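Here's a walk through one protein chain, written for someone who likes to have the coordinates open while reading. Keep the viewer handy and follow along.

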Amino acid sequence: EFDAGQLVIAHGSKQVALYRVVSGSLTVSINVKGEVRNLSTLKTGSYFGELALLKPSGRVSADVHADTPTVLHQIDCGYLHELFADQPALAMRFFRTLAVRAALLLKSVDVCFAEKPALQGRLEEESQVTDTDELFRQRFKLTGEEVIIKSYPTFVEGKIAQHGQLYVFSGGIAFYAKTYGMKNKRLIPFDFCRQFDVVGSTITVQPALKANQTKPLITLTFSNAEEVPRAQQLINRLFQLSRDGQDLTLATSADRKLYNANSTAKVKQLLTGEEATLLQDENRFITSEDWDNILLKVCAKVQTWQPGQVVIREGEQITSIFHVVKGSCSVHVQSSSKPVASITSGQSFGEVSFLLQTPVTATIKADKDGMEAYVIESYYLDVLFDIDPESGARFYHYFAALLANRLIKREQRKFHRRSSDRKSTKKEKSKSSASSSS
């Protein structure tokens, strides 16, 4: 029980429980540069604190105060996880409800395109870094002196072909791909390479003795076979310079320590396996086997669109989620003559309309190079999850966390923007008053 005005949850505190409002009223608010902004009001029957389930390592992103004398039910997250382990069908329904709720809140936020954050993968994933080299350094935890010399569209073959980018930099090569929630991220310094074998459009990186392994470090296939000769020439040239002792290795002694023979265990973690690391926290429970089932066995198909071809049209009802594998597409709304966003390889769209079963709010067209994407149909998901509700629970857990994170980021951008607009208005009024006085 809480008195009127009492703080229920504080911003930044650790999330440990889910709350349901039995009686009373509460306000959710955030502090933006000293200005308190109310986000929503919680009435009887509402619940909050779900991020404790979606993001166990997370912190509360807003303050919650009681407006009136309030009674809450508090449900410990540990108990819920035990319950869901015994009743996967209940867990699936619960997390789907959270995903739908997040989707509804996303649509209520005043932005030009309801699914736009889904298209801004760089903002979502890399803390709003926009510079390409800075994004690269942040993603692979490199020093401020490393820059991308050249990048190439490539993919790793397997049960699911993972399309991404091969980056060539002075200290080595790196590969990054993301298919829905599954990442493949490799950092391979030249110190741990012996040679680069090219067969057709495929390049295989063979390990040096200090890498402490015999199988190839990575095998990549170029999307454009014509780029292979020049890529091979560039990589071999940089590799030879590094072996000749020129200062083209990683910039600091701390970095070199990470990659020397005394750090074998840590290096092997970077170099071996596919490291299809699932997004931390967001899809804590989803597995690569789940994605295999979804993308391969029953649910997904690969579709191709020609340059300029419409993928989905504004106002259409869709029952699919799209994930771009190759190429890109642009987002168009009636209120703008120019595209409002671009969707590139590794990004997805359609989740909100998929969950809410509402018409899409924009037209999406393939760009000049065309586009290839995985398409997941809801009917096949329903069939799969009826058979395997545990996979369904993990799937909707992932999407609920993903959409909740987008909602938080979007709300923060919205209120920061409003705060900036108000400051600009005050400055203009001040200038206007000064001019009138003079």
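What follows goes from the overall make-up of the chain to its cores, then to one helix and a few side-chain pairings.

**The big picture**

First, a caveat: this is a predicted model. The chain runs to 438 residues, and 48% of them count as buried. There are 13 helices and 20 strands to find your way around. How much of the contact map comes from residues far apart in sequence? Taking contacts with a separation of 6 or more, 70% are between residues 24 or more positions apart.

**Two nonpolar cores**

The largest nonpolar core has 45 residues. If you want to find its hubs, look at Leu 54, Phe 95, Ile 294, Leu 355, Phe 385 and Phe 395, which touch the most other members. Which helix gives the most to this core? That's α13, spanning residues 389-437, with 11 residues. Apart from this core there is another one, made of 22 residues, including Tyr 152, Ala 177, Leu 220 and Leu 238. As a general backdrop, nonpolar side chains in soluble globular proteins tend to be buried together.

**Helix α6 and its neighbours**

Helix α6 covers residues 132-140, and it's a handy place to zoom in. Its buried residues are Leu 135, Phe 136, Arg 137, Arg 139 and Phe 140, so two arginines are on that list. Just past the helix, Lys 141 has a positive phi of about 55°.

Within α6, Glu 134 and Arg 137 form a salt bridge, with 3.1 Å between the closest N and O atoms. The two sit 3 residues apart in the helix, about one turn. In an α-helix there are 3.6 residues a turn, so residues three or four places apart point the same way. Are the two partners buried or exposed? Glu 134 is partly exposed, with a relative accessible area of 33%, whereas Arg 137 counts as buried at 11%.

Phe 136 reaches a partner in another part of the chain. Its ring pairs with that of Tyr 167, with the centres 5.3 Å apart; the planes are at 50°, so this pair is tilted. Phe 136 belongs to α6 and Tyr 167 to strand β9 (residues 162-169), with their positions 31 residues apart in the chain. Phe 136 counts as buried because its relative accessibility is 3%, and Tyr 167 does so too at 12%.

Arg 139, also one of the buried residues of α6, lies over the face of Tyr 176, 3.7 Å from the ring centre. Tyr 176 in turn comes up next to strand β9 in this account: its C-alpha is 9.1 Å from that of Gln 162, and the two are 14 residues apart in sequence. Gln 162 is found in β9 and counts as buried at 3% relative accessibility. The side chain of Gln 162 also makes a polar contact of 3.1 Å with the side chain of Asn 184.

**Aromatics and charges elsewhere**

Altogether the structure holds 20 aromatic pairs. Phe 385, Phe 395, Tyr 396, Tyr 398 and Phe 399 come together as one aromatic cluster; Phe 385 and Phe 395 were also named above among the hubs of the largest core. Another arginine over a ring is Arg 101, whose charged end sits over Tyr 47, 4.5 Å from the ring centre.

How many salt bridges does the structure hold? There are 2. Besides the one in α6, there is a pairing of Lys 301 with Glu 377 at 3.9 Å, N to O. This one links distant parts of the chain: Lys 301 lies in strand β15 (residues 300-305) and Glu 377 in strand β20 (residues 363-377), 76 residues apart. Lys 301 is partly exposed, with a relative accessible area of 40%, while Glu 377 counts as buried at 18%.

One more polar spot is Ser 348, in the short run β19 (residues 348-349). Ser 348 counts as buried at 9% relative accessibility, and its side chain makes a polar contact with that of Glu 351.

Here are the side-chain polar pairings together:

| Pair | Kind | Distance |
|---|---|---|
| Glu 134 and Arg 137 | salt bridge | 3.1 Å |
| Lys 301 and Glu 377 | salt bridge | 3.9 Å |
| Ser 348 and Glu 351 | polar contact | 2.6 Å |
| Gln 162 and Asn 184 | polar contact | 3.1 Å |

Key
Residues are numbered from 1 along each chain as its sequence is written. This is a predicted model: local features need pLDDT of at least 70, side-chain atom pairs count only at pLDDT 80 or more; totals for chains, interfaces and linings use all residues. Side-chain values use heavy atoms; hydrogens and water are left out. Buried means under 20% relative accessible area, exposed over 50%, partly exposed in between (1.4 Å probe, protein chains only). Helices (H or I, at least four residues) and strands (E, at least two) are DSSP runs, numbered from the N terminus. A nonpolar core is a set of buried Ala, Val, Leu, Ile, Met, Phe, Trp, Tyr and Cys residues joined through side-chain atoms within 4.5 Å. Rings of Phe, Tyr and Trp (its six-membered ring) pair if their centres lie within 6.5 Å; planes under 30 degrees apart count as stacked, over 60 as edge-to-face and the rest as tilted. A charge sits over a ring if NZ of Lys or CZ of Arg is within 6 Å of the ring centre and within 35 degrees of the ring normal. A salt bridge is a side-chain nitrogen of Lys or Arg within 4 Å of a carboxyl oxygen of Asp or Glu. A polar contact is a pair of N or O atoms within 3.5 Å; within protein, one must be able to donate a hydrogen and the other to accept it, and residues adjacent in sequence count only if both atoms are side-chain atoms. Contact means heavy atoms within 4.5 Å.
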